[in-house]
Amino acid sequence: LAGLGLEQLRGIKGLGQAKACTLVAALELGRRVLRRELGTRPLLSTPADALPLLADIRDQQREHFLCLHLNARNQLIQKEVVSIGSLSASIVHPREVFRSAVASAAASIILAHNHPSGDATPSHDDLELSRRLQRAGELMGIEILDHIIISAMDYVSLKERGVL
């Protein structure tokens with residue numbers, strides 16, 4: 001149910017507009033409660049630690065590019081959707097990635113995006129973008145800890161692959 005939109009829920013026999021809206025709202029509240037973790041900030045030491053924070057983009061039909069802002073102890077400060085693209089591409093510029101990272105006083109960031117195709121293998125463009133953002137981060141004094149590409153069934157960490 002969590003992956004279905006309002007119109008898809010309305011298409012289920014017995015669910016009208018009001019019940020579908022109630023379900024969408026309840027699922028969103030559940031997601032927010034799970035993310036809150038009683039006021040503590042999640043510690044992100046490994047790519048696997050970041051995966052629960054990326055679950056909401058795993059099954060999206062368009063590419064979503066996210067940035068996780070971390071403090072000096074690698075605790076999550078903020079999760080930001082930087083760009084929502086098309087089925088196979090997302091436009092990302094260093095300016096958009098680092099603007100809110102600077103505003104939130106992030107010491108480091110983790111980049112992430114989904115591949116709606118189901119194949120988490122990084123493309124040439126993914127690798128080039130990662131390197132470009134890494135260079136920009138070095139100039140800004142904000143380290144990029146990883147770039148995670150996630151699909152419905154798998155993920156790839158560019159740090160684990162030695163790209164970053």
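**What is the relative accessibility of Asn74?**

Asn74 has a relative accessibility of 24% and therefore counts as partly exposed (buried means under 20% relative accessible area, exposed over 50%, partly exposed in between, with a 1.4 Å probe and protein chains only). The structure shown in all views is a predicted model, in which local features need pLDDT of at least 70 and side-chain atom pairs count only at pLDDT 80 or more, while totals for chains, interfaces and linings use all residues. Residues are numbered from 1 along each chain as its sequence is written, and side-chain values use heavy atoms, with hydrogens and water left out.

**View 1. Asn74 and Ala105, two loop residues with positive phi.**

Asn74 is placed in the loop between strand 1 and strand 2 (helices, H or I of at least four residues, and strands, E of at least two, are DSSP runs numbered from the N terminus). Although Asn74 is not a glycine, its phi is positive, at about 60 degrees. Ala105, in the loop between helix 4 and strand 3, also has a positive phi, near 60 degrees, and is likewise a residue other than glycine. Most residues other than glycine have a negative phi. With a relative accessible area of 59%, Ala105 is exposed.

**View 2. The surroundings of Ser108 in strand 3.**

Ser108 belongs to strand 3, which covers residues 108-114. Its relative accessibility is 4%, so Ser108 counts as buried. When neighbours within four places in sequence are set aside, Ser108 is in contact (heavy atoms within 4.5 Å) with Leu68, His69, Leu70, Asn71, Asn74, Ile142, Glu143 and Leu145. Asn74 of View 1 is thus one of the residues that Ser108 contacts.

**View 3. Helix 5 and the elements packed against its buried residues.**

Helix 5 consists of 17 residues, 124-140, and at 1.5 Å a residue should span 24 Å (the expected span is 1.5 Å times one less than the number of residues). Its end C-alpha atoms are 24 Å apart, which agrees with that expectation. The buried residues of helix 5 are Asp126, Leu127, Leu129, Ser130, Leu133, Ala136 and Gly137. They pack against strand 1 (64-70), helix 4 (94-103), strand 3 and strand 4 (143-150). Just after the helix, Gly141 takes a positive phi of about 80 degrees.

**View 4. Ser130 within helix 5.**

Ser130 is located in helix 5 and is buried, with a relative accessible area of 1%. Apart from neighbours within four places in sequence, the contacts of Ser130 are with His147, Leu158 and Leu164. Ser130 and Leu111 are 19 residues apart in sequence, and their C-alpha atoms are 8.4 Å apart in space.

**View 5. The salt bridge between Lys79 and Asp56.**

Side chains of opposite charge can pair when their charged atoms come close. The side chains of Lys79 and Asp56 meet in a salt bridge with an N to O distance of 2.9 Å (a side-chain nitrogen of Lys or Arg within 4 Å of a carboxyl oxygen of Asp or Glu). This pair links distant parts of the chain, 23 residues apart: Lys79 lies in strand 2 (residues 76-84), and Asp56 in the loop between helix 3 (47-54) and strand 1. Lys79 counts as partly exposed at 24% relative accessibility, and Asp56 is partly exposed with a relative accessible area of 33%. The count for the structure comes to 5 salt bridges.

**View 6. A salt-bridge network of Arg95, Glu96 and Arg99.**

Arg95, Glu96 and Arg99 are linked in a network of salt bridges. Glu96 and Arg95 meet through their side chains at 3.3 Å, N to O. Glu96 also forms a salt bridge with Arg99, the closest N and O atoms being 3.9 Å apart. Arg99 and Glu96 are 3 residues apart in helix 4, so about one helical turn separates them. Glu96 is partly exposed, with a relative accessible area of 26%, whereas Arg99 counts as exposed at 51% relative accessibility.

**View 7. Two cysteines, Cys21 and Cys67.**

Cys21 counts as partly exposed at 34% relative accessibility, whereas Cys67 is buried, with a relative accessible area of 0%. A search of the whole structure finds 0 disulfides (pairs of cysteine sulfur atoms within 2.5 Å).
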